[in-house]
Amino acid sequence: MYVTNVPADEMLPKSKDTTRFVCMSDTHGKTEFSFKVPEGDVFIHAGDLTRSSRMEEYERTIQWMASLPHPIKIFTGGNHDHFLDAVEGFYPQQKESILAKAKMAGLIYLEHEAYQLPESMGSFKMFVSPYAPTHLWGAFMLDSLKAVWESIPLDTDILVTHTPPLGYQDITSRGRNVGCPDLRNKIDTIKPLVSVFGHIHEAYGYSHSPEKESLFINACTSSVRYRPIQLPIVFDL
Ligand code: 5GP
Ligand code: MN
Ligand code: MN
Ligand code: MN
């Protein structure tokens, strides 16, 4: 499987019989980047669209994603994106307005739900979820996620979550693995082709499970200092 985070103009061209996925996460209100977003079939944003959940951050981010050429553009929320949180439920008007704008812009918002790509893009089964383990305080954060992950279908090919699973691309600058242990258990059972996430900015990058059944991608665009300098990660299936 081709996976890379080189600059767009250094990437291999996509072969006709594969689907190209372009992953970003944790843009935190930034929409201008020093790099070009690579072209592809499916664009994925794994949450933390905003820094402070201000309406103009969502609007700017939606406009930017609308300008991208990918035929399918999928996003979810992260712990900074309070207006999207249905569990908190404090912001129904804001959420409705954001989702209406996203829909108008041709974006697909997924909140803990499955999505199957069309046959022309390989019919891959995706599942996309904004949740993460509680750390300080945030949207979509829960103390126990075991029951939440239970509902991920076992035949998921591409799993997109805001949090990393424990043990993959989840090491903080203090050297601790802080991914979700319950997500890791679920992933060990499902063995998805690809697990895409963000959240731990300094753990950006990609790696494979030892048996190479799964590819793990931490697509955080923002550095640990919230500078949007980490390149999109692309894979072909
Ligand atoms: P964010 O606030 O954008 O969700 O995460 C920013 C940074 O906070 C991460 O890059 C990481 O350094 C830290 N962080 C987020 N979640 C956790 C966590 O669960 N545990 C620890 N130790 N740090 C976290
Ligand atoms: Mn973040
Ligand atoms: Mn934060
Ligand atoms: Mn986060």
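**Exercise 1.** Work out why Cys220 forms no disulfide in this predicted model.

*Solution.* Start with the distance: the cysteine sulfur closest to that of Cys220 belongs to Cys23 and is 12 Å away, too far for a bond. A disulfide is a pair of cysteine sulfur atoms within 2.5 Å. Next, look at the surroundings: Cys220 is buried, at 0% relative accessible area (buried means under 20%, with a 1.4 Å probe and protein chains only). Now turn to Cys180, whose sulfur has its closest cysteine partner in Cys220, 16 Å off and again too far for a bond. Cys180 is buried too, at 2%. Finally, search the whole structure: the count of disulfides is 0.

**Exercise 2.** Describe how the protein holds ligand 1, beginning with the residues that surround ligand 1.

*Solution.* First, list neighbours with a heavy atom within 4 Å; among them are Asp48, Asn79, Arg176, Glu202 and Tyr226. Sorted by class, this shell has 3 nonpolar, 6 polar and 3 charged residues.

Then check polar contacts (N or O pairs within 3.5 Å). The side chain of His28 has an N or O atom 3.1 Å from a ligand oxygen, while that of His135 has one 3.3 Å from a ligand nitrogen. A polar backbone atom of His201 lies 2.9 Å from an oxygen of ligand 1. Last, take the area: alone, ligand 1 exposes 500 Å², and the protein buries 81% of that (Shrake-Rupley method, 1.4 Å probe).

**A note on conventions.** Residues are numbered from 1 along each chain as its sequence is written, and chains are lettered from A and ligands numbered from 1 in the order written. Local features need pLDDT of at least 70, side-chain atom pairs count only at pLDDT 80 or more, and totals for chains, interfaces and linings use all residues, while side-chain values use heavy atoms, leaving out hydrogens and water.

Methods. Polar contact = N/O pair within 3.5 Å; in protein donor to acceptor, adjacent residues only side chain to side chain. Nonpolar A, V, L, I, M, F, W, Y, C, P; charged D, E, K, R; others polar. Buried < 20%, exposed > 50% of the residue type's maximum accessible area, 1.4 Å probe, protein only.
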